[in-house]
Amino acid sequence: MIRALGAALVAFGALWAGWRAVEELRGRVRAAEAVIDGLELLEQELWERGTALPELMEDLSSRTREPASALFSRCARACRELDRAPFGDSWRRLTAELAELSPEGRAALLPLGEVLGRYEADGQRAALKRAEEALERERERAEKERDRMGRVYQTLSLAGGAFLVILLL
């Protein structure tokens with residue numbers, strides 16, 4: 001009885017580990033999508049309404065999903081503290097903290113820190129478009145990895161759990 005219970009727990013643990021690995025891959029795709037959506041909203045607001053950056057960041061933090069909402073919220077805070085650190089430095093620090101994105105995704109966001117909040121709307125719009133395109137490529141890469149590696153993780157966890165159950169019984 002105890003061996004069967006132990007075997008069931010081992011099987012459950014293996015399946016759970018595979019499920020968590022697949023969820024992490026799905027989370028990368030969702031994070032990229034959320035940031036892309038946030039950048040599109042940012043571009044629309046800058047182009048159509050010309051809202052000041054601090055108010056815009058605060059507004060976007062409530063209109064976007066994680067991790068974009070956290071990024072915009074922290075950027076709004078950074079805008080209020082411009083006397084301590086330039087926005088570009090804060091942006092670099094905040095994008096580096098986006099663990100949900102891959103290093104390539106974070107690198108795509110870095111140039112925005114130098115152009116956001118400047119007076120030239122066309123330059124801001126072009127930089128936002130470049131970042132959106134780079135993040136879209138990253139999202140597509142993450143989807144392919146999720147599809148490919150997700151099946152591998154699921155299969156390995158199922159096979160590993162079955163192997164351990166057989167070994168324990």
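# Loop, helices and salt bridges

Trainee: In which loop is the place of Pro 67?
Mentor: Bear in mind that this is a predicted model. Pro 67 sits outside the helices here, in the loop between α2 (53-63) and α3.

Trainee: What is the omega of the peptide bond from Glu 66 to Pro 67?
Mentor: Stay with Pro 67, in the loop between α2 and α3. The peptide bond that joins Glu 66 to Pro 67 is cis. Its omega is near 5°.

Trainee: Is Ser 69 buried or exposed?
Mentor: Ser 69 belongs to helix α3. Its relative accessible area is 8%. The cut-off for buried is under 20%. Because 8% falls under it, Ser 69 is buried.

Trainee: Which residues does Ser 69 touch, not counting residues up to four places away in sequence?
Mentor: Start from the position of Ser 69, which is in helix α3. With those sequence neighbours set aside, the residues it touches are Ser 61 and Thr 64.

Trainee: Are α3 and α4 roughly parallel or antiparallel to each other?
Mentor: Helix α3 covers residues 68-80 and helix α4 residues 87-96. Their axes come within 10 Å and cross at roughly 155°. Angles over 145 degrees count as roughly antiparallel. So α3 and α4 are roughly antiparallel.

Trainee: Is the crossing of α3 and α4 left-handed or right-handed?
Mentor: The angle alone is not the full description here. The two axes cross at roughly 155°. The hand of the α3 and α4 crossing is right-handed.

Trainee: How many nonpolar residues does the contact of α3 with α4 have?
Mentor: From α3 come Leu 71, Arg 74, Cys 75, Ala 78 and Cys 79. They meet Phe 87, Ser 90, Trp 91, Leu 94 and Thr 95 of α4. By class, two residues in this contact are polar, one is charged, and the nonpolar residues number seven.

Trainee: What is the relative accessible area of Met 57?
Mentor: Met 57 has its place in helix α2. Beyond four places in sequence, it touches residues including Leu 42, Phe 72, Phe 87, Trp 91 and Leu 116. Met 57 is buried, and its relative accessible area is 0%.

Trainee: What distance separates the C-alpha atoms of Met 57 and Gly 105?
Mentor: Along the chain, Met 57 and Gly 105 are 48 residues apart. In space, their C-alpha atoms are separated by 20 Å.

Trainee: Glu 55 also lies in helix α2. Is Glu 55 buried or partly exposed?
Mentor: The relative accessibility of Glu 55 is 48%. Exposed would need over 50%, and buried under 20%. So Glu 55 counts as partly exposed.

Trainee: How far apart in space are Val 22 and Asp 147, C-alpha to C-alpha?
Mentor: Val 22 is in helix α1. It is buried, at 3% relative accessible area. In sequence, Val 22 and Asp 147 are 125 residues apart. In space, C-alpha to C-alpha, they are 9.1 Å apart.

Trainee: Which residues is Val 22 in contact with, leaving aside its neighbours within four places in sequence?
Mentor: Val 22 is found in helix α1. With the sequence neighbours left out, its contacts are Gly 150, Tyr 153 and Gln 154.

Trainee: How many salt bridges does the structure hold?
Mentor: Side chains of opposite charge can pair when their charged atoms come close. Some of these pairs join into a network, as Glu 23, Arg 26 and Arg 30 do. The structure's salt bridges number 13.

Trainee: Arg 125 and Glu 43 meet in a salt bridge. How many residues apart are they?
Mentor: Their N to O distance is 3.0 Å. Arg 125 is in helix α7 (residues 121-168), and Glu 43 is in helix α1 (residues 2-48). The pair links distant parts of the chain, and its separation is 82 residues.

Trainee: Which residue of that pair is buried?
Mentor: Arg 125 has a relative accessible area of 31% and is partly exposed. The other partner comes in at 7%, so the buried residue is Glu 43.

Trainee: What is the N to O distance between Arg 141 and Glu 138?
Mentor: Both lie in helix α7, three residues apart, about one turn of the helix. Arg 141 is partly exposed at 36%, while Glu 138 is buried at 10%. Their side chains meet in a salt bridge with an N to O distance of 2.5 Å.

How values were computed
Residues are numbered from 1 along each chain as its sequence is written. This is a predicted model: local features need pLDDT of at least 70, side-chain atom pairs count only at pLDDT 80 or more; totals for chains, interfaces and linings use all residues. Side-chain values use heavy atoms; hydrogens and water are left out. A salt bridge is a side-chain nitrogen of Lys or Arg within 4 Å of a carboxyl oxygen of Asp or Glu. Helices (H or I, at least four residues) and strands (E, at least two) are DSSP runs, numbered from the N terminus. Buried means under 20% relative accessible area, exposed over 50%, partly exposed in between (1.4 Å probe, protein chains only). Axes are lines fitted to C-alpha atoms, for helices over the stretch in contact, and angles run from 0 to 180 degrees between N-to-C directions. Angles under 35 degrees count as roughly parallel, over 145 as roughly antiparallel, 65 to 115 as roughly perpendicular and the rest as oblique. A crossing is left-handed if the near helix is turned anticlockwise from the far one by less than a right angle, and right-handed if clockwise. Contact means heavy atoms within 4.5 Å. Ala, Val, Leu, Ile, Met, Phe, Trp, Tyr, Cys and Pro count as nonpolar, Asp, Glu, Lys and Arg as charged, and the others, Gly among them, as polar.
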